[in-house]
Amino acid sequence: MNKFTRVVFKKEIIDTFRDKKTIFSSIIIPIIIFPLIAFVFGIGSSDIEKESKEPVQIAILSEEKNELESFLLNHKDINIVKTEDAEKALDKLDIKVIVKIGENFDEKIQQGEKPRIELIYDDASQKSEIGKSRVEQIISGYTGYIVAKRLENAGVNPQILEPIDIKYSSVSKEGGTGLMIFSMMLPFMLTIWSAVGGIPAATDLGAGEKERQTLEPLLTTKSSRMSILMGKYFAVVVAGVIATIASLIGFLIATKINPDFLGEGTTLSIKAIGIITLVCLEMALAFSSIELAISFYARNFKEAQTYLSPVSIVLMVPAYLTMFVDGRAIPRHYFHIPIINTIGVIKEVIVSVYDMKHILITTGWNLLYIALFLTITVKMFEKETVIFRN
Amino acid sequence: MIEIKKLSKHFKDVIAVDNVSFEVEEGKVFGLLGENGAGKTTTLRMLATMLKPTSGTAIINEYDLIQDPVDIRGEIGILFGGEIGLYDRLSARENIEYFGLLNGMDKAQINMKIEKLAKDLEMEEYIDRKVGKFSKGMKQKVAIARSIIHSPSIMFFDEPTSGLDVTAIRVVHEFIKELRNEGKTIIFSSHSMNEVEKLCDEVGIIHKGKMVEISSLEGLKVKYGEENLEEIFVSLVGEKNE
């Protein structure tokens, strides 16, 4: 960094972080957004969790007394509600499911026939849907009991229905499902913030400078245009990195507020953090440059905001596309696709896959984008039609 | 000394400055007079190395505009009117210091110069306050200090009083007079006849990118038989429009 670049960089950092708008959008928003989501998510999920621990409220419609009704009546996870209009009660969610038992239920069971029961529920309601699944499971248990009894009566061991004993054990060293969710959300979040975190600063240092008419006196100083541009560029990169760190802090706070939010107990090794930092920095370096170029092209602050808003949307597409990709089975060609490759590398290291080839391919492409975008930015900053466009 | 040789600037099909030539002797104030869009700002932007001329050149204190733009930037100071162009979130001192550093000065030199400028321009009271809440007059004083922090021998003024109130205009006028007394070479662009009459030794009237007249104020009055510069300007520009 030459002397003039250092001067510009220092000034831009001071100026940027004295701007309340930048502090709000680059630090405060990333810090509060995840805890806020976690909080809301926590309220919603704890409500459902509570619901799934309490007995399911059901109504039984049956012509006569039967064994299934007695079974349900005595089951600890079932609460039979007496109601005159069961459908109305379901509509109001006073009950979650109606169990309609067909005629001559016990008789048909005894004769080996297949009596019908109907589960009436509201598929637009999550609570009713969960209730239906639980009742279904309980009735399935009752069905198993009848089958076992029939087999015993026929002198057959019920074990015959389970010829294989399946044992489930996960190879995941730690985290399990939590790690899976973690590997879905973290790459998405880090990549987005690394790329867009510099936008508020870029808008101010490019278009903002043009709008305030501070650029013209700057161009009459002894400092070269290249030095001015590089000072601004590094300031935008730093702002992007700070926004990413802020979003990580927000992420950590979110997991403290609601441990179920994104994978409880998941940790990252130093090696993983190092690789993630490298690819995120590459993203910040590439995107800061293009954001600054767009900002310099714009006539004013508002125009720059209009041009830069789609950058976030463009990023969202690959980020969403790869959200559900398995970190242990990412196709190799993904590492040649911009943005997706960065998300891919982060996903891999989260699940402890350290594939040097993938990291090098991604870094190679990212370096190419940085060089390309910087060249475009330098060319644009040298163009009179861009600088004096207003 | 400034020597402008056949300077032209084209923006695609628009000829903003067309073959303009003139000289400004050391210690003189040259007034560039013209309507809005006549080519005054483009001429000054080329001389300040912000724009590259399409053709022609200028020699500023022995440096060539095309060959030695960095050296030229060390020789000049520029003051704009209108929005003035300061960083609102920086203090007056920080604004001035930034330009001192970008002109290659060291911190000690800058500090000494800022103390002197703050005293001369009566800015001591607010030198360490952020400029965002300054009046236009206060801002213009900061911009003046910024433009001369590196002690340039040549000054360009691009409509420096536009949008200022009477008191602030007076400060700018006094500043220009002081610079003239110090022997600085000045190009002053304006569309105000009164200002040019009050401050300039020589006047160049620019119209539609062309220099249509260059003369001393006295010379213009004799040539056109008019005492009033405004009348001279109107008749000259009207003639060219016909």
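In this predicted model, a run of residues at the start of chain A settles against a later helix: A:Phe4, A:Thr5, A:Val7, A:Val8, A:Phe9, A:Glu12, A:Ile13 and A:Thr16 in H1(A) meet a set in H10(A) made up of A:Ser227, A:Ile228, A:Met230, A:Gly231, A:Lys232, A:Phe234, A:Ala235, A:Val238 and A:Ala239. Sorted by class, the residues of this contact come out as 11 nonpolar, 4 polar and 2 charged. Among the nonpolar ones are A:Phe4 and A:Val7 on the H1(A) side, while A:Glu12 in H1(A) and A:Lys232 in H10(A) are the charged pair of the list.

How do the two helices sit against each other? Two packed helices are described by the angle between their axes and the distance between the axes. Helix H1 of chain A covers residues 3–16 and helix H10 of chain A covers residues 225–257; they pack at an angle of about 40 degrees, with their axes 7 Å apart. That angle makes H1(A) oblique to H10(A). As for the hand of the crossing, H1(A) and H10(A) cross in a right-handed way.

Chain A holds a second helix pair worth a look. Helix H11 (residues 270–297) and helix H14 (residues 356–382) of chain A have axes that come within 9 Å and cross at roughly 20 degrees. An angle under 35 degrees counts as roughly parallel, so H11(A) and H14(A) are roughly parallel to each other. Here the crossing is left-handed. The contact of H11(A) with H14(A) has 18 nonpolar, 5 polar and 1 charged residues. On the H11(A) side, the residues taking part include A:Ile275, A:Leu278, A:Val279, A:Glu282 and A:Leu285, and further along A:Phe296 and A:Tyr297. Their partners in H14(A) include A:Ile359, A:Thr362, A:Asn366, A:Tyr369, A:Phe373, A:Met380 and A:Phe381.

Now for chain A as a whole. Chain A has 15 helices and 4 strands. Its radius of gyration is 31 Å, well over the 21 Å that the globule rule gives for 390 residues, so chain A is more spread out than a compact globule. The box filled by its C-alpha atoms, taken along the principal axes, is roughly 100 × 45 × 35 Å. The domain assignment splits the chain into domain 1 (3–39 + 174–387) and domain 2 (52–160). Between the C-alpha centres of these two domains of chain A there are 55 Å.

Chain B tells another story. It has 9 helices and 10 strands. A compact globule with 242 residues would have a radius of gyration near 18 Å, and chain B, at 18 Å, agrees with that. Along the principal axes, the C-alpha trace of chain B spans about 55 × 40 × 35 Å.

Inside chain B, helix H5 (residues 136–148) and helix H6 (residues 166–181) pack at an angle of about 20 degrees, and their axes are 9 Å apart. H5(B) and H6(B) are therefore roughly parallel to each other, and their crossing is right-handed. From H5(B) come B:Lys136, B:Gly137, B:Gln140, B:Lys141 and B:Ile144, which meet B:Thr167, B:Ala168, B:Val171, B:Val172 and B:Phe175 in H6(B). This contact divides into 5 nonpolar, 3 polar and 2 charged residues.

Finally, what happens where the chains touch? The contact takes 25 residues from chain B and 17 residues from chain A. On the chain B side, helix H2 (69–75), strand E6 (76–80) and helix H3 (92–102) each supply at least two residues. The largest share of that side, 4 residues, comes from H3(B). By class, the residues of chain B that touch chain A divide into 14 nonpolar, 6 polar and 5 charged.

Definitions and conventions
Residues are numbered from 1 along each chain as its sequence is written. Chains are lettered from A and ligands numbered from 1 in the order in which they are written. This is a predicted model: local features need pLDDT of at least 70, side-chain atom pairs count only at pLDDT 80 or more; totals for chains, interfaces and linings use all residues. Axes are lines fitted to C-alpha atoms, for helices over the stretch in contact, and angles run from 0 to 180 degrees between N-to-C directions. Angles under 35 degrees count as roughly parallel, over 145 as roughly antiparallel, 65 to 115 as roughly perpendicular and the rest as oblique. A crossing is left-handed if the near helix is turned anticlockwise from the far one by less than a right angle, and right-handed if clockwise. Two residues are in contact if their C-beta atoms, placed from the backbone, lie within 7 Å. Domain bounds come from an automatic or database domain assignment. The radius of gyration is taken over C-alpha atoms; the globule rule is 2.2 Å times the number of residues to the power 0.38.
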